[in-house]
Amino acid sequence: MAKQNKTSGRRLLLLLAVIAAALCAAAVLLDPLDMFGGSDLPEAKKPSSESSQQFSDPVQAEGVSVQVPILLYHHISEDTLTQEQFQTEMQLLKDGGYHTVSFDQIFDFVEKGTPLPEKPVCLTFDDGYLSNYEIAYPLLKEYGMKATFFAIGATVGNTEHYKDTEFPITPHYSYEQAKEMSDSGLVSIQSHTFDMHQWAPYEPGDRVRNNILRWKDETEEEYTEALTADFSKSREELEAATGKPVNVLAYPGGQFDALSESVLRSLGVKATLTIQPGKAKLTEG
């Protein structure tokens, strides 16, 4: 349903976090292999000092600002990103002294000045694939790393078919599995919309939302109502399942505009994420 990881030559996009006038971004696109100073996945190579600086500037002692890379993953499988490759990347982060942080930690830094650890990095997973629960989650526990999983409400728990159709689907984790991961304290379950990330070949009719943007013939009022209803349903179901606040949304396909930002801010969303290349630069206060 969304862009998949590739098994070779894969590029991890940095997500641009937009947090209530507290963030800005510098255009940069990093290849994870270049980032760690190698053309092939190394077995145990640490980042060079040069590439480490490119990856993330250390937190300033005064707490004025800090750049936080946000790494994007989707499905883990032999056809996309293998378990072995993902584990290698987690080992590289650990060996390089990087510390995974949650969005709650980011909010506390921006709003309260609570310090972040050195070399902070966010790990994120879009779409809600079952492989996130079966493969990524055990490795996160093994390495003691935090991550944010963005679930599409309409496909939560689907393991055989896309919604109510007969079309096959790559399995997605259930709300019960989402709660288990959330209860661990390592995983935050957040929104990838309820049903604004549709898969056109499998949808009936010609009114398909591939992403969150407004249709050309849709008024601002109609769109505001549609987005409000969709996000509210996503939030309601996720919060009922996990018992944790839902205040972050990853844009389907990374597409957004001023209206979507305005609507989501009015609904109490603290951060929205896109796949626009860039480093999230957090500014305290």
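In this predicted model, residues 24 or more positions apart make up 69% of the protein chain's contacts with a separation of 6 or more. The exercises below start from the whole chain and then go to helix pairs and single residues.

**Exercise 1. The chain as a whole**

State how many helices and strands the protein chain has, and what percentage of its residues count as buried.

Solution.
- Step 1. The secondary structure amounts to eight helices and eleven strands.
- Step 2. The protein chain has 285 residues, and 53% of them count as buried.

**Exercise 2. Helices H3 and H5**

Describe how helix H3 and helix H5 pack, and classify their relative direction.

Solution.
- Step 1. Two packed helices are described by the angle between their axes and the distance between the axes.
- Step 2. For H3 (residues 83-95) and H5, the angle is about 25° and the axes are 11 Å apart.
- Step 3. Angles under 35 degrees count as roughly parallel. H3 and H5 are therefore roughly parallel to each other.
- Step 4. H3 and H5 cross in a right-handed sense.
- Step 5. On the H3 side the contact involves Gln-83, Phe-86, Gln-87, Met-90, Gln-91 and Lys-94. On the H5 side it involves Ile-135, Ala-136, Leu-139, Glu-142 and Tyr-143.
- Step 6. Sorted by class, six residues of the H3 contact with H5 are nonpolar, three are polar and two are charged.

**Exercise 3. Ala-136**

Place Ala-136 in the structure, decide whether it is buried or exposed, and list what it touches.

Solution.
- Step 1. Ala-136 is a residue of helix H5.
- Step 2. Buried means under 20% relative accessible area. Ala-136 has a relative accessibility of 0%, so it counts as buried.
- Step 3. Leaving out residues up to four places away in sequence, Ala-136 touches Ile-76, Phe-86, Phe-125 and Ser-131.
- Step 4. Gln-83 is 53 residues from Ala-136 along the chain, and their C-alpha atoms are separated by 7.8 Å.

**Exercise 4. Helices H5 and H6**

Give the geometry of the H5 and H6 pair, and the residues through which they meet.

Solution.
- Step 1. The axes of H5 and H6 cross at roughly 35° and come within 10 Å.
- Step 2. Their crossing is left-handed.
- Step 3. H5 contributes Leu-130, Asn-132, Tyr-133 and Tyr-137 to the contact, and H6 contributes Gln-177, Glu-180 and Met-181.
- Step 4. By class, the contact of H5 with H6 has four nonpolar residues, two polar and one charged.

**Exercise 5. The buried side of H6**

Find which residues of H6 are buried, how they are arranged around the axis, and which elements cover them.

Solution.
- Step 1. In H6 (residues 175-183), the buried residues are Ala-178, Met-181 and Ser-182.
- Step 2. These residues span an arc of only 100° around the axis, so they lie on the same side of H6.
- Step 3. The elements covering the buried residues of H6 include helix H5 (130-143), strand E7 (147-151), strand E8 (187-191) and H7.
- Step 4. Just after H6, Gly-185 has a positive phi of about 85°.

**Exercise 6. Helices H7 and H8**

Classify the packing of H7 against H8 and break the contact down by residue class.

Solution.
- Step 1. H7 (residues 220-242) and H8 (residues 258-266) pack at about 50°, and their axes are 10 Å apart.
- Step 2. Because of that angle, H7 is oblique to H8.
- Step 3. The crossing of H7 and H8 is right-handed.
- Step 4. From H7, the contact takes in Glu-220, Tyr-223, Thr-224, Leu-227, Thr-228 and Phe-231. From H8, it takes in Leu-259, Ser-260, Val-263 and Leu-264.
- Step 5. The residues of the contact of H7 with H8 comprise six nonpolar, three polar and one charged.

**Exercise 7. Two positive phi values outside glycine**

Locate Lys-163 and Thr-193, and state the phi and the exposure class of each.

Solution.
- Step 1. Lys-163 sits in the loop between E7 and H6. Its phi is near 50°, a positive value in a residue other than glycine.
- Step 2. With 22% relative accessibility, Lys-163 counts as partly exposed.
- Step 3. Thr-193 sits in the loop between E8 and H7. Thr-193 is not a glycine, yet its phi is positive, about 80°.
- Step 4. With 1% relative accessibility, Thr-193 counts as buried.

Definitions and conventions: Residues are numbered from 1 along each chain as its sequence is written. This is a predicted model: local features need pLDDT of at least 70, side-chain atom pairs count only at pLDDT 80 or more; totals for chains, interfaces and linings use all residues. Side-chain values use heavy atoms; hydrogens and water are left out. Axes are lines fitted to C-alpha atoms, for helices over the stretch in contact, and angles run from 0 to 180 degrees between N-to-C directions. Helices (H or I, at least four residues) and strands (E, at least two) are DSSP runs, numbered from the N terminus. Angles under 35 degrees count as roughly parallel, over 145 as roughly antiparallel, 65 to 115 as roughly perpendicular and the rest as oblique. A crossing is left-handed if the near helix is turned anticlockwise from the far one by less than a right angle, and right-handed if clockwise. Contact means heavy atoms within 4.5 Å. Ala, Val, Leu, Ile, Met, Phe, Trp, Tyr, Cys and Pro count as nonpolar, Asp, Glu, Lys and Arg as charged, and the others, Gly among them, as polar. Buried means under 20% relative accessible area, exposed over 50%, partly exposed in between (1.4 Å probe, protein chains only). The arc is that of the directions from the helix axis to the C-beta atoms.
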